Amino acid sequence: MRSIAQPGAPIPERIQWVAARGRAFSFTLKAGMPLLEAVRRGFAAEGFSSGVLSARGGALGPFAYVMPALSKDGANAAFYSETFRPPGLTRLKLAALTFGMRDGAPFFHCHGLWTEVDGRFNGGHMLPEETVVAEPFEVSAFGIDGATFLAEPDRETNFKLFGPVATEATGAKTTSRAFALRLRPNQDFSDALEGFCRQHGILQARLHGGVGSTIGAVFSDGHSVVPFATELAVTAGQVAPDANRRLRASLDVALVDYLGGIAEGHLVRGDNPVLMTMELVLEVLEEAERP
């Protein structure tokens, strides 16, 4: 399996996780509001201060983003491009977003695909501080109680990255057991989820959110992404038993690579290692009986 050397030594715990409670809901982002504030208000209205969401469609403007890029100084295995600010309305095709805290304030990490005003189909990493909701649109969210995604320095990748930390439960209305996860580099996305579920007695789970990067990508229809640095959004995911009762992860994703190539599809199991990080929430649908 492919791997990329990171600037720091691997951290022994390859999956950072926190058990929590959660609930799925939807809300409408308000026009004219910074995307970060619109997201914060949507979660707060349901009693949550952290969680994940996904979007299908929507309009943004002003809009700012970066794309994956090669590192210029070797301090990181890969880095970000310059900031792009396309004029006019940007029409969102899809996005996955992790909402939490950074430097004591609300923050998000969001990857998506969109069409810019000149017709260019593009994708990358949206900047919270410079992106505004241009027209109202609905998003699907999953709030977590008892855990928060917190951006902290990561010595392995030399980035400040979102990871789940335990927090005091607030009593928000929840419906499900859930696990907030961050997968560390150089482990296969599907294998990591399957192993985590086996370890924790999870027999079936639904994936919510899903923001991160892989070392290229290999899809079930045979096509692949060779450029190693990507920005990836999960569009659908679950872990469930196959016909032989073996746990199998099923993951649909969309991504842009550092050369500007865009790909969408179903990931092959065992051949899609994480590059920098993968943030997500697993909602437990079925679990083994506890002793």
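Which residues line the second largest cavity? In this predicted model, the lining of the second largest cavity is made up of Leu 29, Leu 35, Val 39, Leu 53, Ala 55, Leu 92, Ala 95, Leu 97, Cys 110, Met 126, Phe 137 and Val 139. The space enclosed there amounts to about 60 Å³, and, when the lining is sorted by class, 12 nonpolar residues are found, with no polar and no charged residues. Two or more residues of this lining are supplied by each of helix H1 (35-45), strand S2 (51-56), strand S7 (90-102) and strand S11 (137-145), and among these elements it is S7 that gives the most, with three residues.

The second largest cavity belongs to a set of three cavities of 30 Å³ or more, of which the largest has a volume of about 180 Å³. The lining of the largest cavity comprises 15 residues, and those nearest its centre are Tyr 80, Ser 213, Thr 230, Glu 231 and Met 276. The elements that each give two or more residues to this lining are strand S6 (79-80), strand S8 (105-115), strand S13 (159-166), strand S15 (202-218), strand S16 (224-241) and strand S19 (274-287), and the largest share, three residues, comes from S19.

By class, the lining of the largest cavity consists of eight nonpolar, six polar and one charged residues, whereas the lining of the second largest cavity holds 12 nonpolar residues and no polar or charged ones.

Note on methods
Residues are numbered from 1 along each chain as its sequence is written. This is a predicted model: local features need pLDDT of at least 70, side-chain atom pairs count only at pLDDT 80 or more; totals for chains, interfaces and linings use all residues. Side-chain values use heavy atoms; hydrogens and water are left out. On a 1 Å grid over the protein atoms alone, a cavity is a set of points where a 1.4 Å probe fits but cannot get out, and a pocket is an open set with protein on both sides within 12 Å along at least five of seven lines; lining residues have an atom within 4 Å of a point. Grid points are joined across faces, edges and corners, and a volume is the space filled by probe spheres set on the points. Helices (H or I, at least four residues) and strands (E, at least two) are DSSP runs, numbered from the N terminus. Ala, Val, Leu, Ile, Met, Phe, Trp, Tyr, Cys and Pro count as nonpolar, Asp, Glu, Lys and Arg as charged, and the others, Gly among them, as polar.
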